[in-house]
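Please take the sequence and the three-dimensional structure below together, and keep both at hand while reading. The walk-through that comes after them moves from one part of the chain to another.

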Amino acid sequence: MSFQQGLSGLNAASRNLDVIGNNVANANTVGAKSSRAEFADVYATSLYGAGGSGFNGIGVTVADVTQQFTQGDISTTNSALDMAINGRGFFRMSNDGELTYTRNGQFQLDKDGYIVNAQGGRLTGFPADANGVVNIGVPTELRLQTGDVAPRATDAGAIGANLDAGATAPTTPFSLADASSYNGATSLAVYDSQGAAHTVAVYFRKVSDNNWDVYAAADGTQLGAGALGSFSFGADGRLAAASPTSVTVNVPVPAAVGGNLPVPIDLSRLTQFGSAFSVSELSQTGYAAGRLTGFSVASDGTVLSRYTNGQTLAQGRVVLVNFTNPQGLQSLGGNQWAETADSGVPMAGSPGAGSLGVIQSGALEQSNVDLTAELVNMITAQRVYQANAQTIRTQDQIMQTIVNLR
């Protein structure tokens, strides 16, 4: 039996060295997971199926080689489409319709705008519509639009400001050219349907205690013959209940884009406190046409495109997939795994939801191989191999002694 025991030990130690060698070879492979050889002892059953303490074991076998899906270190890169998963989950890849899963986040755009890995697999996720609204549903192959973003006409604006309660009401008629005829002013750019910018200036003129008029101009020309609205404030410095909360400015634009651009401006956040005039909010909904400058990925997996007009637009959201038993996945090579009956069904969701990890953009998850530990394991496996070889040698010497008996 000693030959069989020693031979099984040699085979098991050899497979262990194979596993260790594979780990060491993939120490620099992005997203690679280390493996572990798991051993089991072997005992022969008796003729009648009953064992006993008097039976010796007949060696060892490698029961399984399992992968260890622990978190690897995360390092930063210079590519915005590089992604690292911090936590549980896998990227879901489509390879001509065949689904695979990976932790390797080295991605780039192909000529058609799809996010792909080195093997040509396409990253999947939830698509977004033309307005940047992500549609949570069935994951599809993510395709990014690399063209210009069309302009959007301004259809609303908002101004938040404090009007000085202690200001003196002007006595001269209102005039754009006379700064003494009003108590404060601010401006914001609005855009027509072709993306051309127009400057709207809003002027605040005190009429009497707690009462103010609002005037406006577009591109240096006063809008209307007088005030566009009158606002009243209560003793607490906030707009009175009977006061309007907005004005509408009708911006003259070329006839080719309509001739008139009505823009309602929300003034509900105006206050009249005893401090100097100040502006706390300026916003409007339009923008000019913009050229693509780059991409970024948020921690929830949303892929954002950035444009020269300062806008960002969501183009989709990367999905992550988790399994009840990741060790049941089948390794396909190329940092890819496939679903099996042992792994359980894939559970897809947005990064950060439930037990899924978050995504770090411009970063990669390194291999989780502990090189120091592997080198120590290699020494141990080598000694085990030598020890088993020694048992075979000793048994051979005993057999030789018996053969040489006279």
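What follows is a guided reading of a predicted model, with helix, hairpins, sheet and cores taken in turn.

A convenient place to begin is the helix H1, which covers residues 2-25. With 24 residues at 1.5 Å a residue, H1 should span 34 Å, and because its end C-alpha atoms are in fact 34 Å apart, the expected and the modelled length agree. Among the residues of H1 that are buried are Gly6, Leu10, Ala13, Val19 and Ile20, and polar residues such as Ser8, Asn16 and Asn23 are buried in H1 as well. What do the buried residues of H1 pack against? Their partners are strand S1 (35-43), strand S2 (57-67) and helix H2 (371-403).

Further along the chain comes a hairpin made of strands S5 and S6, in which two residues lie between the strands and Asp96 takes a positive phi near 55°. The two strands run antiparallel and are joined by five bridges, with Leu99 in S6 serving as the bridge partner of Ser94. Gly97 belongs to the loop between S5 (90-95) and S6 (98-102), and since its relative accessibility is 57%, Gly97 counts as exposed, the threshold for that class being over 50%. The C-alpha atom of Gly97 is separated by 9.5 Å from that of Arg122, a residue 25 places away along the chain.

Two other hairpins share a strand. Strand S20 (residues 292-297) pairs with strand S21 (residues 302-307) in the antiparallel sense over five bridges, and within this pairing Gly294 has Arg306 in S21 as its bridge partner. Four residues lie between S20 and S21 in their hairpin, and Gly301 in the turn has a positive phi of about 90°. S21 also pairs with strand S22 (residues 312-318), again in the antiparallel sense and over five bridges, and here Leu304 stands opposite Ala314 in S22. The hairpin of S21 and S22 has four residues between its strands, with Gly310 in the turn showing a positive phi of about 85°.

An open sheet is formed by four strands in the order S17-S18-S11-S19, with mixed pairing. Each of S17 and strand S19 (278-284) has a single partner strand, so these two stand at the edges and one side of each is left without a neighbour in the sheet. On average, neighbouring strands of this sheet are turned by 25° against each other when direction is ignored. The pairing of S17 with S18 is antiparallel and extends over seven bridges, and Ser246 stands opposite Asp266 in S18.

Within the same part of the structure, Gly160 is found in strand S11. Is Gly160 buried or exposed? Its relative accessibility is 0%, and therefore Gly160 counts as buried. Apart from neighbours within four places in sequence, Gly160 is in contact with Arg269, Val279, Ser280 and Glu281. By contrast with those contacts, the C-alpha atoms of Gly160 and Asn211, 51 residues apart along the chain, are separated by 17 Å.

Thr271 sits in the loop between S18 and S19, and because its relative accessibility is 11%, below the 20% limit, Thr271 counts as buried. The side chain of Thr271 is joined to that of Asn162 by a polar contact of 2.9 Å. Sequence neighbours within four places aside, Thr271 is in contact with Ala161, Asn162, Leu163, Phe233, Gly237 and Arg238.

The nonpolar cores come last. In soluble globular proteins, nonpolar side chains tend to be buried together. The largest nonpolar core of this model has 27 residues, and those with the most contacts inside it are Ile159, Val200, Phe204, Val249, Val251, Ile265 and Leu267. Two or more residues are contributed by each of S11 (157-162), S12 (184-191), S13 (197-208), S14 (211-218), S17 (246-252) and S18 (260-266). Which strand gives the largest share of this core? The largest share is four residues, and it comes from S14. Val200 illustrates how the core is connected, being in contact, neighbours within four places in sequence left aside, with Thr186, Ser187, Leu188, Val190, Ala217, Val249, Val251 and Ile265. A second core, separate from this one, has 17 residues, including Leu81, Leu123, Val318 and Leu356.

Note on methods
Residues are numbered from 1 along each chain as its sequence is written. This is a predicted model: local features need pLDDT of at least 70, side-chain atom pairs count only at pLDDT 80 or more; totals for chains, interfaces and linings use all residues. Side-chain values use heavy atoms; hydrogens and water are left out. Buried means under 20% relative accessible area, exposed over 50%, partly exposed in between (1.4 Å probe, protein chains only). A nonpolar core is a set of buried Ala, Val, Leu, Ile, Met, Phe, Trp, Tyr and Cys residues joined through side-chain atoms within 4.5 Å. Contact means heavy atoms within 4.5 Å. Two strands pair if DSSP finds at least two bridges between them. Axes are lines fitted to C-alpha atoms, for helices over the stretch in contact, and angles run from 0 to 180 degrees between N-to-C directions. The expected span of a helix is 1.5 Å times one less than its number of residues. A polar contact is a pair of N or O atoms within 3.5 Å; within protein, one must be able to donate a hydrogen and the other to accept it, and residues adjacent in sequence count only if both atoms are side-chain atoms.
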